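Student: I am new to this structure and would like a close look at a single part. Please take one residue and its surroundings, then follow the charged pairs from there.

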Amino acid sequence: MSADALRNKALSALLISDPTQKMTAAGQLSDLLVVDSYAEITAPHGIPGRPLQPLLVPPQQVKSRSMGSPEGRAALIHSLAHIEFNAINLALDILWRFAGMPDAFYRDWARVAREEAYHFGLLKGHLQAMGYQYGDMPAHDGLWEMAERTQDNLLARLALVPRTLEARGLDASPVVRDKLAGAGDAAGAAIIDIILRDEIGHVAVGNHWYRYECERQGADPVAQFAELATTYRAPRLRGPFNLSARREAGFTDEELDVLQQNAR
């Protein structure tokens, strides 16, 4: 496969450790690039590329801080930046890893990667304006751990990363936005508005291709999701849920009913 093909460029970007360089490389995944969808690529060492900082710790060791202090607001922005950095990696990984899908699949995830890079840049810049750098505070690795569990199963990846873990951002964004606005951080709140707008589209991409793959395999989307969630140890989600955003992102009423029934 050509080094200039889309999937190969996505893998090259995934291997980059420097956050700014990765952000730039993801932003350059143009729709004009050849896809080469059927090329089989051997996984190299070093996936994903990431910096030495932030220090990755178990989720329970990431301290919750008061929004009443500048440090607390910076910690929140840092955690969001880390989520978006991981989201870049997730989009790049699904792009290169799974061969044989329609070209539109890869172009959709290239757009997601570009937008995640844009989000990361916004948050990284805002964090710098607050006197901090990405990497200054500990973070956890929950998003990427699920990517590793689902690395050999595209249907599981679609079900449990964009439609489960990333969809949590649809629920959390209004709360986070209100916290930032209430603390006087209008710029931070405006960034969250942008992220929520785009993330609805990202989850919609996950929903579209999950249903495509279910149909291709002759699987019922609701029953298949429950089976995959159990097999791959997906977290049981907690309400309240942003039902309007989830509907806009393509979740059906049946799926939302099951989600609410199974909520912790």
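Tutor: What follows starts at R157 and then moves to the salt bridges. The model is a predicted one, and the description should be read with that in mind.

R157 sits in helix 6, which covers residues 154-165. Is its position buried or exposed? R157 counts as buried because its relative accessibility is 2%, and the cut-off for buried is under 20%. Leaving aside neighbours within four places in sequence, the residues in contact with R157 are L90, D93, I94, R97, F98, A147, T150, Q151 and P162. For A147 there is a further detail: a polar atom of the R157 side chain lies 2.8 Å from the backbone oxygen of A147. Another residue to locate is Y210, 53 residues away from R157 along the chain. The C-alpha atoms of R157 and Y210 are 8.9 Å apart.

Two of the contacts listed for R157, D93 and R97, return when charge is considered. Side chains of opposite charge can pair when their charged atoms come close. D93, R97 and R157 are linked in a network of salt bridges.

In the whole structure, a search finds 13 salt bridges. One of the pairs involves R163, whose side chain meets that of E255 with an N to O distance of 2.7 Å. R163 lies in helix 6 and E255 in helix 11, residues 253-261, so this pair ties together parts that are 92 residues apart in sequence. R163 and E255 are both buried.

Another salt bridge joins R168 and D171, with 2.7 Å between the closest N and O atoms. These residues belong to helix 7, which spans residues 168-182. R168 and D171 are separated by about one helical turn because they are three residues apart in that helix. As for accessibility, R168 is partly exposed, at 25%, whereas D171 is buried, with a relative accessible area of 8%.

A salt bridge is also found between the side chains of R197 and D198, at 2.9 Å from N to O. D198 counts as buried because its relative accessibility is 10%. R197, in contrast, counts as exposed, since its relative accessibility is 53% and the cut-off for exposed is over 50%.

To return to the starting point, R157 is a buried residue of helix 6, and it is linked with D93 and R97 in a salt-bridge network.

Definitions and conventions:
Residues are numbered from 1 along each chain as its sequence is written. This is a predicted model: local features need pLDDT of at least 70, side-chain atom pairs count only at pLDDT 80 or more; totals for chains, interfaces and linings use all residues. Side-chain values use heavy atoms; hydrogens and water are left out. Helices (H or I, at least four residues) and strands (E, at least two) are DSSP runs, numbered from the N terminus. Buried means under 20% relative accessible area, exposed over 50%, partly exposed in between (1.4 Å probe, protein chains only). Contact means heavy atoms within 4.5 Å. A polar contact is a pair of N or O atoms within 3.5 Å; within protein, one must be able to donate a hydrogen and the other to accept it, and residues adjacent in sequence count only if both atoms are side-chain atoms. A salt bridge is a side-chain nitrogen of Lys or Arg within 4 Å of a carboxyl oxygen of Asp or Glu.
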